[in-house]
Amino acid sequence: MKENKHYDVFVIGSGIAGQTAAKLCVKEGKTVAIADNRAFGGTCALRGCDPKKILLQFSELLHASQLLKDKGVSKLPKIKWKTVQKFKSSFTDSIPPSTEKDLVELGIDMYHQSPVFQSENEILIEGKLISADKFVIATGMIPLDLKIKGQDYLKVSDDILNLKHLPKSTTFIGSGYVGMEFASMLATMGCKVTVIEKGPASLTPFDPFLVGILVDYLQTIGITFIYNAEVDSVEKLKKNFKVKYLLDGKKKSVKSRKVFNTAGRFPSVEMLDLEKVNVKFDERGVIVNDYLQSISNPNVFACGDVSSKALPLTPVSGLQGYVASNNIIKDQSKTFEIPPMPSTVFTNPKLSSVGYTEEEALKRFKNIKIYKGDASSWYNAKKENNPVYAYKVLVNERTNEIIGAHLLSTQAHETINLFSMAISQNMTVSEFKKQMFTYPTYTNDLKSMMKDED
């Protein structure tokens, strides 16, 4: 074993949370090291949000063209998937070297392996025993391991992002946002898609009224949804894979060229041996206080998706990296408070949400006003020949302040940001309606969503 080395701060994970923490600490004169067992840059930039959105925009283009077929579009665009993949790679290939270059220039040491804790202030990595005063765990999440026969045949989201050819048929096990986004993408591009969900509904964190409309529409473009089903096994056939499942006590099966595990993700901590460093964790991740410190070991911080106070959103990861590093630099100087955080499922159309859900609002407030409706007859949907456009807006009846918004449209991922700003500023409905927006736009429609019945 090589000679021991000591750092003020050792960061585990090179995504946005880990990078933010490492950079802020080194700029304050701390000696810092960072480790990752995969290419430097993190999930969002390399295997998540960014490359996903590059691929999805081509299905969005095709979707928009399909809606306007025979309305002026005479021939649908042909998507050259290999060229799309090259375009995606032009973004992702440069990230690991540029990330490492930035870290080196800042004087941050890098290790290309997962460390294993040996004691409360020591880790073993690359055959070296390293000690540190503070540790930051920012290892993110990994796909849930389905304990079923034939699980080795299952592919995950990384594999979808790197598909060399679009399959003729696919089966998704799980209907969270990752499964729904890729199911929508592949179905739009002509793939026969089956989604198997063990629960009674898809996208359970989102508004059920809008989810219902979205699922109904996705069925019309060729997605088959199977709910309350328990997947039993995956069997390899000559060309296809057979997924066997139980539904209402009966054995059933579906065949497809590819099978994807999109049943969820869980915190990536197993390889760290956290028991040796007295760090408590559960299915949510490393259990932390408002300073993002481990509740059982104050010298260990956790930020990003691996933290018990996380939301699986990149802006939250960056904010948590900032909070954790500030508390390392100056003890308990920053607390983590979640601002109104918009989130989007990038299906066709898109489903977005910010603030309270209806269920949460009913528990939190004495009286709420609910504005909801189908807006498919409104101008912006009609001009796209789009059959799907809906909304739900929640208002605190006592103060008339907007407390939640849920949108389903082609532009929901953008317009939800206006509601996010309104909620963070405690805007009332009347104050929001006084704002002037360009017309005719989806943004201007937001004011029409909050009309009282005559």
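**View 1. Asp158, buried, meets Arg38.** Asp158 has 18% relative accessibility and counts as buried (under 20% relative accessible area; exposed is over 50%, partly exposed in between, with a 1.4 Å probe and protein chains only). This is a predicted model: local features need pLDDT of at least 70, side-chain atom pairs count only at pLDDT 80 or more, and totals for chains, interfaces and linings use all residues. Residues are numbered from 1 along each chain as its sequence is written, and side-chain values use heavy atoms, leaving out hydrogens and water. The side chain of Asp158 forms a salt bridge with that of Arg38, 2.9 Å from N to O (a side-chain nitrogen of Lys or Arg within 4 Å of a carboxyl oxygen of Asp or Glu). Asp158 sits in helix α6 (157–161) and Arg38 in the loop between β2 (32–35) and α2 (42–47), so the pair ties together parts 120 residues apart in sequence. Helices (H or I, at least four residues) and strands (E, at least two) are DSSP runs, numbered from the N terminus. Arg38 is partly exposed, at 40% relative accessibility.

**View 2. More salt bridges.** The structure holds 17 salt bridges. One of them joins the side chains of Lys101 and Glu105, at 2.8 Å from N to O. Both residues lie in helix α5 (95–105), four residues apart, or about one turn of the helix. Glu105 is exposed, with a relative accessible area of 57%. Asp145 and Lys147 form another salt bridge, at 3.1 Å from N to O. Here Asp145 is partly exposed, at 42% relative accessible area, and Lys147 is exposed, at 69%. Elsewhere, Lys53, Glu60 and Lys350 are joined into one network by salt bridges that share partners.

**View 3. Ser14 and helix α1.** Ser14 lies in the loop between β1 (2–12) and α1 (16–27). Its relative accessible area is 0%, so Ser14 is buried. The side chain of Ser14 makes a polar contact with the side chain of Asp36, at 2.6 Å (N or O atoms within 3.5 Å; within protein, one able to donate a hydrogen and the other to accept it, and residues adjacent in sequence count only if both atoms are side-chain atoms). Leaving aside residues up to four places away in sequence, Ser14 touches Gln19, Ile34, Ala35, Asp36, Ala39, Phe40, Gly41 and Gly42 (heavy atoms within 4.5 Å). Now follow α1. Its buried residues include Ala17, Gly18, Gln19, Thr20 and Cys25. At 1.5 Å a residue, the 12 residues of α1 should span 16 Å, and its end C-alpha atoms are 16 Å apart, which agrees (the expected span is 1.5 Å times one less than the number of residues). Just after α1, Gly29 takes a positive phi of about 90°.

**View 4. Strand β12 between its two partners.** In a regular strand, side chains alternate between the two faces of the sheet. Strand β12 (241–247) shows alternation: Phe241, Val243, Tyr245 and Leu247 point to one face and are buried. Lys242, Lys244 and Leu246 point to the other face and are not buried. Seven bridges link β12 to antiparallel β11 (229–236) (strands pair if DSSP finds at least two bridges between them). In this pair, Glu235 has Lys242 as its bridge partner. A hairpin with four residues joins β11 to β12. Strand β13 (250–256) also runs antiparallel to β12, with seven bridges. There, Phe241 stands opposite Ser256. The hairpin of β12 and β13 has two residues between the strands, and Asp248 takes a positive phi near 55°.

**View 5. A five-strand sheet with two helices.** This open, antiparallel sheet has the order β19-β20-β23-β22-β21. The edge strands, β19 (343–345) and β21 (368–374), each pair on one side only. Neighbouring strands are turned by 10° against each other on average, direction ignored (axes are lines fitted to C-alpha atoms, for helices over the stretch in contact, with angles from 0 to 180 degrees between N-to-C directions). Helix α8 (208–220) packs on the sheet, touching β20, β21, β22 (390–396) and β23 (401–409). The direction of α8 makes about 175° with that of β22. Three bridges join β19 to β20 (350–355) in the antiparallel sense, and Ser343 has Ser353 as its bridge partner. Helix α12 (412–424) lies across β19, β20, β22 and β23, at about 180° to β23. Buried residues of α12 include Ile416, Leu418, Phe419 and Ile423. The buried residues of α12 pack against those four strands, α13 (429–433) and α14 (442–448). Just after α12, Asn426 takes a positive phi of about 55°.
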